[in-house]
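Colleague: I should like to understand the reasoning behind the terms used for this protein. Please show me the structure, and then let us take the terms in turn.

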Amino acid sequence: MSTEYYVNRRKRLADTMADNSFYFVCSGNLVESTDDSNYIFQPYRNFVYLTGLKDVDAALMIVKTNGSVKEHLFMHIPTEHELRWIGTRFDADAIKSKTGIANLVPNENWDSFISRLLFRNDIQDVYMDMARWDMNYAPNEAQKRANRLKEIYPYLKLHNAYHTVCKMRSVKDAAEIAAHRKAAAITEEAVKNILSNMKPGMTESQIEAYYDFVIKSHGGKFPAFTTIAATGKNACIMHYVDNDTVANDGDLILFDLGAQYDLYCTDVSRTYPVNGKFTERQKQLYNIVLKGLEVAESMSKPGQLKSELQQISKKVMAEELVKIGMIEKEEDISKYYFHGSGHFIGLDVHDVGDYDDIVLAEDMMFTLEPGLYFDEENIGIRIEDTILVTKDGCEVLSGGIPKTVEEIEEFMSRGK
């Protein structure tokens, strides 16, 4: 992604700021897992969106005074010990070139920089960038810095710019769409590798390994999210991730998975017969879910209220279940349908956006994922696609992954 994208995004953000103010966003810090190890670092996505960097313990600051905007990047400068033992790299010229930010500041200068800034300028407003899902979470770096600012400079007005950046992220630019296409292509290759190697008697994790191989062969350190590979009754558990059961002949196996490319995600669900052939009953139920997905996808276009798409797929599936005598009235579908049908997707799998009232616009990206779960038959079926809203409709980026009964059985019959 070129520097121009990051420069333009920061300019759009600066345009929303009041004069005599500054904004800051932190990349995040390492979190200890056990002993002397850390969890794999995941940078705060708004920081990535504005800088393109994935570094630990970094912060972007945008200062707007007297109509003039200046940008500063605070970073950890690695020690000789770090360079020797963990290979930390720091190339100031490369960072400046990638981000378009000329002023790099060591992290230890944060306090003195803030002091000089507030002493020399009539700063009144501070825009922090912080997402919190739960009040009981431990304070993150952005919150710690905001609390310290408020304690020392109580006159400052603190604002959370999180939602401002989220609105920017809801419509993808050309570079983001290209990254999503790449992630979808990797996912397609990985799923097809599963189908080419899956057979009864394998464990779910053995099947999953064929997917992981393709992800890593493309340079991915890990998938977009923890893979669900759920055979038989396990598919009726919404977030089953143990993946340790034997896949038996005659079972269906539900996959919920996705690759990422440059942190841009794909999210796909497919349900396949382990032996390559649907039974008539499996086919009947599968096609009901598929119809719910296809009708909703056909309605996906600019101007469509996103929340209505779930109701569309739900109604279609309910009508079909009534036809085959599974339920007496449409509202009884709640016996078999337990979750929402889709979410926005981007730098996060469950990406930012207004889930209740958003009207779809060109270059938005989201998923649709209707599903039905029949505990008494040990059958769980979910089918999900990653979708790009186009000028006149939509493009299913995951459309190359076998989805119809005919496509699935034909592909799985190859080489067997």
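Colleague: Which residues of E17 are buried on one side, and which on the other?

Modeller: This is a predicted model. In E17, Asp385, Ile387 and Val389 are buried on one side, while Thr386 and Leu388 are buried on the other, and both faces are thereby covered. In a regular strand, side chains alternate between the two faces of the sheet.

Colleague: What makes E17 largely enclosed by the rest of the structure?

Modeller: Five of the five residues of E17 are buried, so the strand is described as largely enclosed.

Colleague: In what order do the strands of this sheet lie, and what is the sense of their pairing?

Modeller: The order is E14-E17-E18 in an open sheet of three strands, with antiparallel pairing. Strand E14 (365–368) and strand E18 (394–396) are the edge strands, since each pairs on one side only. From one strand to the next, the twist averages 35°.

Colleague: How do you know that E14 and E17 pair?

Modeller: Two strands pair if there are at least two bridges between them. E14 and strand E17 (residues 385–389) have four bridges, in the antiparallel sense. Phe366 stands opposite Ile387 of E17, and Thr367 has Thr386 as its bridge partner in that strand.

Colleague: And over how many bridges do E17 and E18 pair?

Modeller: E17 and E18 pair over three bridges, again in the antiparallel sense. Leu388 stands opposite Glu395 in E18, and a hairpin of four residues joins E17 to E18.

Colleague: Why is the pair of Phe74 and Phe113 called edge-to-face?

Modeller: A search of the whole structure finds nine aromatic pairs. For Phe74 and Phe113, the ring centres are 5.2 Å apart and the planes stand at 90°. Centres within 6.5 Å make a pair, and planes over 60 degrees apart count as edge-to-face; the pair therefore earns that name. Phe74 lies in strand E5 (residues 68–75) and Phe113 in helix H5 (residues 110–120), 39 residues apart, so that distant parts of the chain are linked. Both Phe74 and Phe113 are buried.

Colleague: What makes the pair of Phe255 and Tyr272 tilted?

Modeller: Their ring centres are 6.2 Å apart and their planes are at 50°. That angle is neither under 30 degrees, as stacked requires, nor over 60, so the pair is tilted. Phe255 belongs to strand E10 (residues 252–257) and Tyr272 to strand E13 (residues 268–273), 17 residues apart.

Colleague: How do you know that Phe255 and Tyr272 are buried?

Modeller: Buried means under 20% relative accessible area. Phe255 has 3% and is therefore buried; Tyr272, with 0%, is buried as well.

Colleague: Which residues do ring pairs link into a cluster?

Modeller: The cluster consists of Phe22, Phe24, Phe74, Trp110 and Phe113.

Colleague: How do you know that Cys265 is in no disulfide?

Modeller: A search of the whole structure finds zero disulfides. The cysteine sulfur nearest to Cys265 is that of Cys166, 15 Å away, whereas a disulfide needs sulfur atoms within 2.5 Å. Cys265 counts as buried because its relative accessibility is 2%, and Cys236 counts as buried at 12%.

Colleague: Why is the span of helix H8 said to agree with the expected value?

Modeller: At 1.5 Å a residue, the 24 residues of helix H8 (residues 174–197) should span 34 Å, and the end C-alpha atoms are 35 Å apart, which agrees. At the start of H8, the backbone nitrogen of Ala175 has a side-chain oxygen of Asp173 within 3.3 Å.

Terms used: Residues numbered from 1 in each chain as written. Predicted model: local features only at pLDDT ≥ 70, side-chain atom pairs only at ≥ 80, totals over all residues. Heavy atoms only, no water. Helix = DSSP H or I, 4+ residues; strand = E, 2+ residues; numbered from the N terminus. Axes fitted to C-alpha atoms, helices over the stretch in contact; angles between N-to-C directions. Expected span 1.5 Å × (residues − 1). Polar contact = N/O pair within 3.5 Å; in protein donor to acceptor, adjacent residues only side chain to side chain. Buried < 20%, exposed > 50% of the residue type's maximum accessible area, 1.4 Å probe, protein only. Phe/Tyr/Trp six-rings, centres within 6.5 Å; stacked < 30°, edge-to-face > 60°.
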